[in-house]
Amino acid sequence: MVRRRPRTAPRRPVAPVGARSPGRRRRASAPTSPHAQPSAVVAPADWWARIQEAVGTLAALGSLAVLGFTWLSLQQVDNEQALIRNEHALTREGQVTDRYNAAVGNIGDDSLEVRLGGIYAL
């Protein structure tokens, strides 16, 4: 009987094209000094982390902006309500003054009933 070899996937090359010759090892990386500048090449995972941080920062800034605009609009409403209260107080004060003047004018009238009405109004 003939023995069949199982089919396997073709072998991949052990080293990429342009690899070091056999027997030569990669040198250990030199210790970095604290003043060394970071490399400009960033791994894709780092880019994803940076994008996530940027989105989170933008969301936080947007929330702060919304809170600020809400606070400003509430302050504006409070100011408008204060103006309305002041106008209401002025109107009421004017009505009291008009009634007082009318009552004093009624006291100076010749008719007894009108003078009594002025006294009661005061």
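Rings of Phe, Tyr and Trp, the last by its six-membered ring, count as a pair if their centres lie within 6.5 Å. By this rule, the chain has zero aromatic pairs. The structure is a predicted model.

**Overall make-up**

The chain has 122 residues, and 2% of them count as buried. Its accessible surface comes to about 12500 Å². Carbon and sulfur atoms account for 59% of that surface. The secondary structure consists of two helices and zero strands. Both helices give two or more residues to a nonpolar surface patch, described below.

| Helix | Residue range |
|---|---|
| helix 1 | 44-107 |
| helix 2 | 112-121 |

**The nonpolar patch**

A nonpolar patch of about 840 Å² lies on the surface. Its members are Tyr 100, Val 104, Ile 107, Leu 112, Leu 116, Ile 119, Tyr 120 and Leu 122. Which helix gives the largest share of the patch? That share comes from helix 2, with four residues. Ile 119, one of the patch residues, is found in helix 2.

**Gly 117**

Gly 117 also has its place in helix 2. Is Gly 117 buried or exposed? Its relative accessible area is 33%. Buried means under 20% and exposed means over 50%, so Gly 117 falls in between and is partly exposed. Gly 117 and Ile 107 are 10 residues apart in sequence. In space, the C-alpha atoms of Gly 117 and Ile 107 are 7.9 Å apart. Ile 107 is itself a member of the nonpolar patch.

**A charge over a ring**

While aromatic pairs come to zero, a ring does take part in another kind of contact. Arg 50 lies over the face of Trp 47. The distance from Arg 50 to the ring centre of Trp 47 is 5.8 Å.

Technical notes. Residues are numbered from 1 along each chain as its sequence is written. This is a predicted model: local features need pLDDT of at least 70, side-chain atom pairs count only at pLDDT 80 or more; totals for chains, interfaces and linings use all residues. Side-chain values use heavy atoms; hydrogens and water are left out. Buried means under 20% relative accessible area, exposed over 50%, partly exposed in between (1.4 Å probe, protein chains only). Accessible areas come from the Shrake-Rupley method with a 1.4 Å probe; for residues, only the protein chains shown count as cover. Patches are made of residues with over 30% relative accessible area and no salt bridge: like charges are joined within 9 Å, nonpolar side chains (Val, Leu, Ile, Met, Phe, Trp, Tyr) within 5 Å. A salt bridge is a side-chain nitrogen of Lys or Arg within 4 Å of a carboxyl oxygen of Asp or Glu. Rings of Phe, Tyr and Trp (its six-membered ring) pair if their centres lie within 6.5 Å; planes under 30 degrees apart count as stacked, over 60 as edge-to-face and the rest as tilted. A charge sits over a ring if NZ of Lys or CZ of Arg is within 6 Å of the ring centre and within 35 degrees of the ring normal.
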